[in-house]
Amino acid sequence: MATELTPSDALLLVDVQNDFCPGGALAVAEGDAVVPVLNDWVAAAERGGARVFASRDWHPIDHLSFAAQGGIWPPHCVQDTPGAAFHPDLELPDDAAVVSKAEQPNHEAYSAFDSGELGEKLRAAGIRRLWVGGLATDYCVKASVLDAIEVPGLEVRVLTAAIRAVDVAPGDGDAALNEMRKAGAILEHAEPA
């Protein structure tokens, strides 16, 4: 069944950046496969008057998550580099709100809600349903969804066709989906109207 979005809906595109897609510094298998699905949801958001938010990792070159600083990841999504740019085929509307995270060298942030700014914007806009897709299921999508669930009065739906997992350990993505569902998120399999 197709779903129509309204002005009380918002779409959150999590970290659909070049470095998380094939060929990137921290590529998620089939990460670029989320792009056409998310583009359909963006088009539905525009038709229905829903807000669109796009989060991005926006790391300084010496970010604590990088291996050279003792972290577990290779350098990725470094500020103002091609790897940090949104995937070129992602059709972000001109009025999409970009939420940057992990901008400070000594602060990690997997969740788009880390700064508190996104939650405030959703409340101010009267958003009742948040639709979430992007990369990666078992890291930034999961962290963002779990934080979104804590926003009072917000129903959170995970777009299962528009996410992909890192799966450092086999099954991490499935475990993340299960954790999100148990926390109160709705795993959404419908397509946009």
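**Exercise 1. Cysteines**

The sulfur of Cys21 has its closest cysteine sulfur in Cys77, 9.3 Å away. Decide what this separation implies for a bond, and state how many disulfides the whole structure has.

Solution. The model is a predicted one.
- Step 1: a disulfide needs two cysteine sulfur atoms within 2.5 Å.
- Step 2: at 9.3 Å, the Cys21 and Cys77 sulfurs are too far apart for a bond.
- Step 3: for Cys77 the nearest cysteine sulfur is that of Cys140, at 8.7 Å, and Cys77 is in no disulfide.
- Step 4: the search over the whole structure returns zero disulfides.
- Step 5: as to burial, Cys21 has a relative accessible area of 2% and is buried; Cys77, at 0%, is buried too.

**Exercise 2. A salt-bridge network**

Find the partners of Lys101 among Asp15 and Asp57, and describe how the three residues are connected.

Solution.
- Step 1: the criterion is a side-chain nitrogen of Lys or Arg within 4 Å of a carboxyl oxygen of Asp or Glu. By this rule the structure has eight salt bridges.
- Step 2: Asp15 and Lys101 form one of them, with 2.7 Å between the closest N and O atoms. Asp15 sits in the loop between strand S1 (9-14) and helix H1 (34-48), while Lys101 belongs to strand S3, 86 residues apart.
- Step 3: Lys101 also pairs with Asp57, where the closest N and O atoms are 2.5 Å apart. Asp57 is in strand S2 and Lys101 in strand S3, so this pair ties together parts 44 residues apart in sequence.
- Step 4: the shared partner joins Asp15, Asp57 and Lys101 into one network.
- Step 5: Asp15 is buried at 0% relative accessible area, Lys101 is buried at 3%, and Asp57 is likewise buried.

**Exercise 3. A salt bridge with an exposed member**

Locate Glu30 and Arg164 in the chain, and classify Glu30 as buried or exposed.

Solution.
- Step 1: the side chains of Glu30 and Arg164 meet in a salt bridge, 3.7 Å from N to O.
- Step 2: Glu30 is in the loop between S1 and H1 and Arg164 in strand S5 (residues 155-164), so the bridge ties together parts 134 residues apart in sequence.
- Step 3: exposed means over 50% relative accessible area; Glu30 has 53% and therefore counts as exposed.

**Exercise 4. A charged patch**

Which residues form the negative surface patch, and where does Asp89 lie?

Solution.
- Step 1: the patch consists of Asp32, Asp40, Glu46, Asp89, Glu91, Asp94, Asp95 and Glu191.
- Step 2: Asp89 lies in the loop between strand S2 (51-57) and strand S3 (97-101).
- Step 3: its relative accessibility is 48%, so Asp89 counts as partly exposed.

Notes:
Residues are numbered from 1 along each chain as its sequence is written. This is a predicted model: local features need pLDDT of at least 70, side-chain atom pairs count only at pLDDT 80 or more; totals for chains, interfaces and linings use all residues. Side-chain values use heavy atoms; hydrogens and water are left out. Patches are made of residues with over 30% relative accessible area and no salt bridge: like charges are joined within 9 Å, nonpolar side chains (Val, Leu, Ile, Met, Phe, Trp, Tyr) within 5 Å. Accessible areas come from the Shrake-Rupley method with a 1.4 Å probe; for residues, only the protein chains shown count as cover. Lys and Arg count as positive and Asp and Glu as negative; His and the chain ends are not counted. The place of a charge is taken as NZ of Lys, CZ of Arg, CG of Asp or CD of Glu. Helices (H or I, at least four residues) and strands (E, at least two) are DSSP runs, numbered from the N terminus. Buried means under 20% relative accessible area, exposed over 50%, partly exposed in between (1.4 Å probe, protein chains only).
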